[in-house]
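I opened this entry to look up charged pairs, aromatic rings and the burial of the residues involved.

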Amino acid sequence: MTTTVLHHDDYAQSRWKNGLGVTRTVDIAPEDASFDTFAWRVSMADVGDPTPFSPLPGVDRWLMPVAGSGFELTINGVPYRPARGEVVHFSGDDEAAGGASGSGSRDLNLMVRRSHAAADLRTLAIAANAPLAARTLTAHGGTVLAILLDGDAEVAGAKLSTFDAVRLSEDAREAFETAAGCLLAVASLAGR
């Protein structure tokens with residue numbers, strides 16, 4: 001049973017594949033993987049002006065705006081304006097471009113090599129004093145990564161700040177203790 005708290009201040013920064021911005025890696029598998037060898041990768045990026053996305057053949061992508069003025073995305077010529085916490089799922093084979101719809105935006109990105117893993121990304125609101133079952137995430141043979149978007153929470157005795165994450169794997173079960181409620185982004189990941 002493994003529970004790991006990942007702090008936003010410790011996320012490694014790297015240039016985008018196209019060199020037009022910077023991303024922070026929340027978590028990656030395998031742990032020592034590079035951008036070209038990951039099975040899955042969760043990252044955050046601060047974005048400004050619209051830019052083309054790098055082609056990523058064989059990779060499934062999920063994008064969720066998590067802070068800022070909003071996000072505009074175009075996939076194969078179709079425009080999307082996902083609201084904060086709303087997920088857009090698309091293929092790395094698609095022609096895509098995106099950027100902030102105002103002064104700036106932060107987005108959460110999940111990328112999965114479809115030959116190596118399956119995944120999903122969603123938001124989960126947890127009310128204060130909710131029953132334990134509603135505050136528990138479970139990973140059955142896979143990995144769950146929960147990122148705090150709003151509110152206060154404590155997991156495994158560690159207080160979480162905004163954009164901190166918790167990795168739960170190998171059937172781990174942890175309660176998210178929250179006095180005033182919180183909003184999580186939850187990535188569920190399973191190897192193939």
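Entry 1, burial at one acid. I started with aspartate 27, which is buried at a relative accessible area of 6%. I noted that the model is a predicted one. Next I looked up the partner: aspartate 27 forms a salt bridge with arginine 167, with 2.6 Å between the closest N and O atoms. Aspartate 27 belongs to strand S3 (residues 22-29) and arginine 167 to strand S17 (residues 165-169), so this pair ties together parts 140 residues apart in sequence. Arginine 167 has 18% relative accessibility and counts as buried, because the cut-off for buried is under 20%.

Entry 2, the salt-bridge count. I ran the search over the model and got 8 salt bridges. I looked at two more of them in detail.

Entry 3, arginine 106. I found arginine 106 in a salt bridge with aspartate 46, the closest N and O atoms being 2.7 Å apart. Arginine 106 is in strand S11 (residues 105-113) and aspartate 46 in strand S4 (residues 40-47), 60 residues apart. I recorded arginine 106 as buried at 14% relative accessibility, whereas aspartate 46 is partly exposed at 38%.

Entry 4, arginine 114. I found arginine 114 in a salt bridge with aspartate 93, with 3.2 Å between the closest N and O atoms. Arginine 114 lies in the loop between S11 and strand S12 (117-126), and aspartate 93 in the loop between strand S9 (88-91) and strand S10 (96-100); they are 21 residues apart. Arginine 114 is partly exposed at 29%, and aspartate 93 is also partly exposed, at 45%. I then checked for shared partners: Arg24, Asp46 and Arg106 are joined into one network by salt bridges.

Entry 5, aromatic rings. I searched the whole structure for ring pairs and got 2. Phenylalanine 35 and phenylalanine 38 are edge-to-face, at 5.6 Å centre to centre and 70° between the planes. Phenylalanine 35 is partly exposed at 26%, while phenylalanine 38 is buried at 1%. For phenylalanine 53 and phenylalanine 90 I noted ring centres 6.1 Å apart and planes at 45°, so this pair is tilted. Phenylalanine 53 sits in the loop between strand S5 (51-52) and strand S6 (59-68) and phenylalanine 90 in strand S9, so the pair ties together parts 37 residues apart in sequence. I logged phenylalanine 53 as buried at 17% and phenylalanine 90 as buried at 5%.

Entry 6, a charge over a ring. I went back to phenylalanine 38: the charged end of arginine 113 sits over its ring, 4.2 Å from the centre.

Notes: Residues numbered from 1 in each chain as written. Predicted model: local features only at pLDDT ≥ 70, side-chain atom pairs only at ≥ 80, totals over all residues. Heavy atoms only, no water. Salt bridge = Lys/Arg side-chain N within 4 Å of Asp/Glu carboxyl O. Helix = DSSP H or I, 4+ residues; strand = E, 2+ residues; numbered from the N terminus. Buried < 20%, exposed > 50% of the residue type's maximum accessible area, 1.4 Å probe, protein only. Phe/Tyr/Trp six-rings, centres within 6.5 Å; stacked < 30°, edge-to-face > 60°. Lys NZ or Arg CZ within 6 Å of the ring centre and 35° of its normal.
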